[in-house]
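User: I'm learning to read protein models. Can we go through one, with the reasons behind each label?

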Amino acid sequence: MFKAAKILINTLYTVYLGMVLFFCFYKFSSTGLDLSNFFLGIRLDRYAHFIMFFPYPFITWLTCRYSSNNRFIKRHAIVITLLSGIAFACLTEVCQDQFFKSRQGDVYDFLADSVAIVIGTVIVSLAGTPAVNYFDRLIIKHSK
């Protein structure tokens, strides 16, 4: 993969993780945003968590597969993506509960995060490599 693509993937990964951490630890009560209402019987906060963690498998898999020079990481990118995603979701909830008086860790938030990570990982495992190969062919064809 091109050096510029590796830089882009690593930058995207870093920015994404920073944004997730910001949204997990920011006190939204001061904004007037109320995520405690329900839609289809599910609290809006759970939708926010799902949306926030759904990109994780895509970005992490790209980082493991195409930005790492480690063969083990490349070979096991799907498993690493799934396990690191679940660990990251757990860590954000534990840190909210332990270190932020304005936030609380919530098992249901962790569940929403985990469902997003599992669904995203399944999609990546089925379509990730073919999609990247397709875009590589387009870039190579366009650069000729």
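User: How many of the contacts between residues at least 6 apart in sequence join residues at least 24 apart?

Analyst: In this predicted model, 73% of those contacts join residues at least 24 apart. The protein has 6 helices and 2 strands. From the N terminus, their order is α-β-β-α-α-α-α-α.

User: What is the average pLDDT of the protein?

Analyst: The average is 84, and 88% of the residues score at least 70. Helix H5 (residues 77-99) has the highest mean among the elements, 91. Strand E1 (residues 38-39) has the lowest, 76. Where pLDDT is low, predicted coordinates should not be read in detail.

User: Why is Glu-93 called buried?

Analyst: The cut-off for buried is under 20% relative accessible area. Glu-93 has 6%, so Glu-93 counts as buried. Glu-93 is found in helix H5. Leaving out residues up to four places away in sequence, Glu-93 touches His-49, Gln-104, Gly-105, Asp-106, Asp-109, Phe-110 and Asp-113.

User: Why is Asn-69 called exposed?

Analyst: Exposed means over 50%. Asn-69 has a relative accessible area of 67%, so the label exposed fits. Asn-69 lies in the loop between H3 and helix H4 (71-75). Beyond residues up to four places away in sequence, Asn-69 touches Lys-6 and Lys-74.

User: And what makes Phe-22 partly exposed?

Analyst: Partly exposed is the range between those two cut-offs, 20% and 50%. Phe-22 has 44%, so Phe-22 is partly exposed. The place of Phe-22 is in helix H1. Phe-22 also helps to make a nonpolar surface patch of about 440 Å², with Val-15, Met-19, Phe-23 and Tyr-26.

User: How do you know that Asp-109 and Arg-46 form a salt bridge?

Analyst: The cut-off is a side-chain nitrogen within 4 Å of a carboxyl oxygen. The closest N and O atoms of Asp-109 and Arg-46 are 2.6 Å apart, so the pair qualifies. Asp-109 lies in helix H6 and Arg-46 in helix H2, so the pair ties together parts that are 63 residues apart in sequence.

User: Which residues are linked in a network of salt bridges?

Analyst: The network links Asp-45, Arg-46, Asp-106 and Asp-109. The side chains of Asp-106 and Arg-46 meet at 3.2 Å, N to O. That pair links distant parts of the chain: Asp-106 sits in the loop between H5 and H6, 60 residues from Arg-46. Asp-45 bridges to Arg-46 at 3.2 Å. A search of the whole structure finds 3 salt bridges.

User: Why do Asp-45 and Arg-46 count as buried?

Analyst: Set both values against the limit of under 20%. Asp-45 has a relative accessible area of 9%, so Asp-45 is buried. Arg-46 has 14%, so Arg-46 is buried too. Across the protein, 30% of the 144 residues count as buried.

User: Which residues have the most contacts inside the largest nonpolar core?

Analyst: They are Tyr-16, Leu-17, Val-20, Cys-24, Phe-53, Tyr-56 and Phe-88. The core has 15 residues. The elements giving two or more residues to this core are helix H1 (3-25), helix H2 (44-53), helix H3 (56-67), H5 and helix H6 (107-143). H1 gives the largest share, 6 residues. Another core, of 7 residues, lies apart and includes Trp-61, Tyr-66, Val-124 and Val-132. In soluble globular proteins, nonpolar side chains tend to be buried together.

Terms used: Residues are numbered from 1 along each chain as its sequence is written. This is a predicted model: local features need pLDDT of at least 70, side-chain atom pairs count only at pLDDT 80 or more; totals for chains, interfaces and linings use all residues. Side-chain values use heavy atoms; hydrogens and water are left out. pLDDT is the predictor's confidence in each residue, from 0 to 100. Helices (H or I, at least four residues) and strands (E, at least two) are DSSP runs, numbered from the N terminus. A nonpolar core is a set of buried Ala, Val, Leu, Ile, Met, Phe, Trp, Tyr and Cys residues joined through side-chain atoms within 4.5 Å. Buried means under 20% relative accessible area, exposed over 50%, partly exposed in between (1.4 Å probe, protein chains only). Patches are made of residues with over 30% relative accessible area and no salt bridge: like charges are joined within 9 Å, nonpolar side chains (Val, Leu, Ile, Met, Phe, Trp, Tyr) within 5 Å. Accessible areas come from the Shrake-Rupley method with a 1.4 Å probe; for residues, only the protein chains shown count as cover. Contact means heavy atoms within 4.5 Å.
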